[in-house]
Amino acid sequence: MAEDQNQKDDNEMSEDEKLAAEWESAMSESGEATDEGSGGDDDWAAAMEEAGQGNSVKTAPMEEFEEAAPQTGNGPAPDLDVILDIPVTISMEVGNTQIPIRNLLQLNQGSVIELDRLAGEPLDVLVNGTLIAHGEVVMVNEKFGIRLTDVISPGERIKRLSK
């Protein structure tokens with residue numbers, strides 16, 4: 001086919017055709033298969049053999065994990081030691097409210113924001129944004145602290161996490 005291309009007049013061939021013909025002749029001279037050839041996979045395998053990889057390529061080993069039993073109470077209890085040292089963020093919420101951005105931009109030193117909670121009501125204790133307890137403010141060595149007055153049961157905490 002390269003010879004047929006070379007026999008055409010230069011006036012009849014576009015620049016792309018000329019370039020394609022040059023590449024085709026160069027590929028055939030080097031003995032490599034062209035895109036139209038069916039030996040592409042064989043050539044790849046041969047190249048891999050030459051590189052010393054051939055069929056000796058090994059897949060990375062996968063660790064085998066036991067499939068976790070569904071938590072229906074029938075399976076073994078999960079190992080909590082794995083998660084006990086994970087840090088979490090704990091915060092206390094005095095209350096909250098919603099205000100328009102217009103009012104937010106007008107706030108300055110001395111402004112008062114009315115919250116949705118009555119004075120004397122317990123504060124919410126949140127862990128990563130999830131309510132786990134209620135408490136009251138105390139002073140501990142010249143620092144603020146919180147005394148827990150009501151702790152939500154572990155079952156209820158799990159229900160709130162899954163929502």
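Okay, let's start at a turn: in the hairpin of strand 2 and strand 3, with two residues between the strands, Asn128 takes a positive phi near 50°. Strands here, like helices, are DSSP runs numbered from the N terminus (E, at least two residues, for strands; H or I, at least four, for helices). Before I go on, this is a predicted model, so local features need pLDDT of at least 70 and side-chain atom pairs count only at pLDDT 80 or more, while totals for chains, interfaces and linings use all residues. Residues are numbered from 1 along each chain as its sequence is written, and side-chain values use heavy atoms, with hydrogens and water left out.

Back to that hairpin. Strand 2 covers residues 123-127 and strand 3 covers 130-140, and they pair in the antiparallel sense over five bridges. By pairing I mean that DSSP finds at least two bridges between the two strands. If you want to find the register on screen, Val125 has Ala133 as its bridge partner in strand 3, and Leu123 stands opposite Gly135.

Now follow strand 3 into the next hairpin. There are again two residues between the strands, strand 3 and strand 4 this time, and Asn141 takes a positive phi near 50°. Strand 4 is residues 143-151, and eight bridges join it to strand 3, running antiparallel. Ala133 turns up here too, opposite Val151 in strand 4.

On the other flank, strand 1 and strand 2 pair antiparallel over four bridges. Ile90 has Val127 in strand 2 as its bridge partner.

Put that together and you get an open sheet of four strands in the order 1-2-3-4, with antiparallel pairing. The edges are strand 1 (90-93) and strand 4, each of which pairs on one side only. On average, neighbouring strands of this sheet are turned by 40° against each other, direction ignored. For that angle, axes are lines fitted to C-alpha atoms (for helices, over the stretch in contact), and angles run from 0 to 180 degrees between N-to-C directions.

Zooming out for a second: the protein has five helices and four strands, and along the sequence the pattern reads α-α-α-β-α-β-β-β-α.

So where does burial come in? Of the 163 residues, 12% count as buried. Buried is under 20% relative accessible area, exposed is over 50%, and partly exposed is in between (1.4 Å probe, protein chains only). The protein exposes about 14700 Å², with carbon and sulfur atoms supplying 52% of that. Those areas are Shrake-Rupley with a 1.4 Å probe, and for residues only the protein chains shown count as cover.

Which way do the side chains of strand 2 point? Leu123, Val125 and Val127 go one way, Asp124 and Leu126 go the other, and all are buried. Five of the five residues of strand 2 are buried, so the strand is largely enclosed by the rest of the structure.

Asp124 deserves a stop. Its relative accessible area is 12%, so it counts as buried, and its side chain meets that of Arg117 in a salt bridge at 2.7 Å, N to O. The criterion is a side-chain nitrogen of Lys or Arg within 4 Å of a carboxyl oxygen of Asp or Glu.

How many salt bridges does a search of the whole structure find? Two. Besides the Asp124 one, Arg147 forms a salt bridge with Glu136, with the closest N and O atoms 3.0 Å apart. That pair links distant parts of the chain, Arg147 in strand 4 and Glu136 in strand 3, eleven residues apart. Arg147 is partly exposed at 47% relative accessibility, and Glu136 is partly exposed at 36%.

Next, Ile132, which sits in strand 3. It is buried at 18% relative accessible area. Leaving aside neighbours within four places in sequence, Ile132 is in contact with Val125, Val127, Val151, Ile152 and Arg157; contact means heavy atoms within 4.5 Å. Ile132 and Arg157 are 25 residues apart along the chain, and their C-alpha atoms are separated by 6.4 Å.

Last thing, the surface. Val94, Ile99, Leu104, Leu107, Ile113 and Leu115 make a nonpolar patch of about 470 Å². Patches use residues with over 30% relative accessible area and no salt bridge, joining like charges within 9 Å and nonpolar side chains (Val, Leu, Ile, Met, Phe, Trp, Tyr) within 5 Å. Leu115 lies in the loop between helix 4 (101-105) and strand 2, and at 35% relative accessible area Leu115 is partly exposed.
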